[in-house]
Amino acid sequence: MDETVQEVSSTVSPCIRARGVGKTYTTRSDEVEALKDVDLTVGDQEFFCLLGPSGCGKSTFLRILSGLVSEYTGTVEISPSRTDGGSVTNMVFQEHGIFPWKTVLNNVAFGLKMDGVGKQRRHEKARTYLEKVDLADFADAYPHQLSGGMKQRVAIARAFANDPEVLLMDEPFGVLDAQTKRNLQTELLSLWSETKKTVVYVTHDIEEAITLGDRLAVMTARPGSVKEVLDVDLPRPRTRGSIPTDEFTTLRERVWELLSEEVQQSVNR
Ligand SMILES: Nc1ncnc2c1ncn2[C@@H]1O[C@H](COP(=O)(O)OP(=O)(O)OP(=O)(O)O)[C@@H](O)[C@H]1O
């Protein structure tokens, strides 16, 4: 892979640098090489999307970035600009990971509590983010009283309330219906443009990656590495109506071409 293709623009400082990253899982009966030689640079405040065939190691890569997977080869550097000791990364999963026994407010405030933030301050902050995701009226509700989309909103409010440098999102809207997904994409973009977090976002949905990302990477079939990085050179703010159709379609076709070769590879294995 041509290194220059992956580098962020010279005007953007890098936030994440992964070099030669590899991961092999060892189980009792087998060894699974999930990632091999992943080289990737993500810019500070960039919205970066990762696409790839199922099982190519996207989640593994996110988990390495988050520190959840600590045994791997190669190097990962995350250069946070913060000096206040707050969280560097925060994961948002497809299965939202909210606590059923806590109210919505306490779910959103949970990370802040773990960081030792006092009750009044953490509740204020949690309420601010609940308002931003349109859940202010549900602060005292419990997760079982919410729809799937609302639960995912809680997870997003919690991630932003935690105020990490880097948000790592693993197919957060993967199981939602199309309309809910669109609404949440719009809310996510609005939160991102307000807070300017660096985001690494895994998805199987090409249109979603193009709607959200500044750039996107297509990964190869397992063992996953970066096949190609593409710029999503479309104006922001992006709404369905504002994205130029021709550019969108051209990019979607190009990504599909790259991806389908790899999907075929993984099917042939
Ligand atoms: N804890 C583990 N132990 C053993 N093998 C694992 C483990 N986690 C993942 N794998 C294997 O590593 C490979 C990559 O998995 P990973 O979940 O990272 O892929 P993915 O691209 O995120 O997949 P999907 O798109 O289907 O979610 C797969 O073959 C998977 O079975």
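This passage describes how the two domains of the protein meet in a predicted model.

The domain assignment divides the protein into domain 1, which comprises residues 14-81 together with 166-268, and domain 2, which spans residues 96-164. The centres of domain 1 and domain 2, taken over C-alpha atoms, lie 25 Å apart, and the contact draws 16 residues from domain 1 and 13 residues from domain 2.

The size of an interface is often expressed as the accessible area that is lost when the parts come together. By this reckoning, domain 1 and domain 2 bury about 1,200 Å² between them, with 68% of that area on carbon and sulfur atoms. On the side of domain 1, the residues that lose the most area to domain 2 are Glu187, Leu191 and Lys197, which together account for 39% of what that side buries.

Polar and charged interactions also span the boundary between the domains. Across the interface of domain 1 and domain 2, 3 salt bridges are found, and 5 residue pairs, both members at pLDDT 80 or more, are in polar contact. Lys197, already named for the area it loses to domain 2, forms a salt bridge with Asp163, in which the closest N and O atoms are 2.4 Å apart.

With regard to secondary structure, the elements that contribute two or more residues to the side of domain 1 touching domain 2 are strand S6 (166-170) and helix H6 (178-195), and helix H6 provides the largest share, namely 9 residues. Sorted by class, this side of domain 1 consists of 10 nonpolar, 3 polar and 3 charged residues.

How values were computed
Residues numbered from 1 in each chain as written. Predicted model: local features only at pLDDT ≥ 70, side-chain atom pairs only at ≥ 80, totals over all residues. Heavy atoms only, no water. Domains from an automatic or database assignment. Contact = heavy atoms within 4.5 Å. Buried area = accessible area lost by both parts, 1.4 Å probe. Salt bridge = Lys/Arg side-chain N within 4 Å of Asp/Glu carboxyl O. Polar contact = N/O pair within 3.5 Å; in protein donor to acceptor, adjacent residues only side chain to side chain. Helix = DSSP H or I, 4+ residues; strand = E, 2+ residues; numbered from the N terminus. Nonpolar A, V, L, I, M, F, W, Y, C, P; charged D, E, K, R; others polar.
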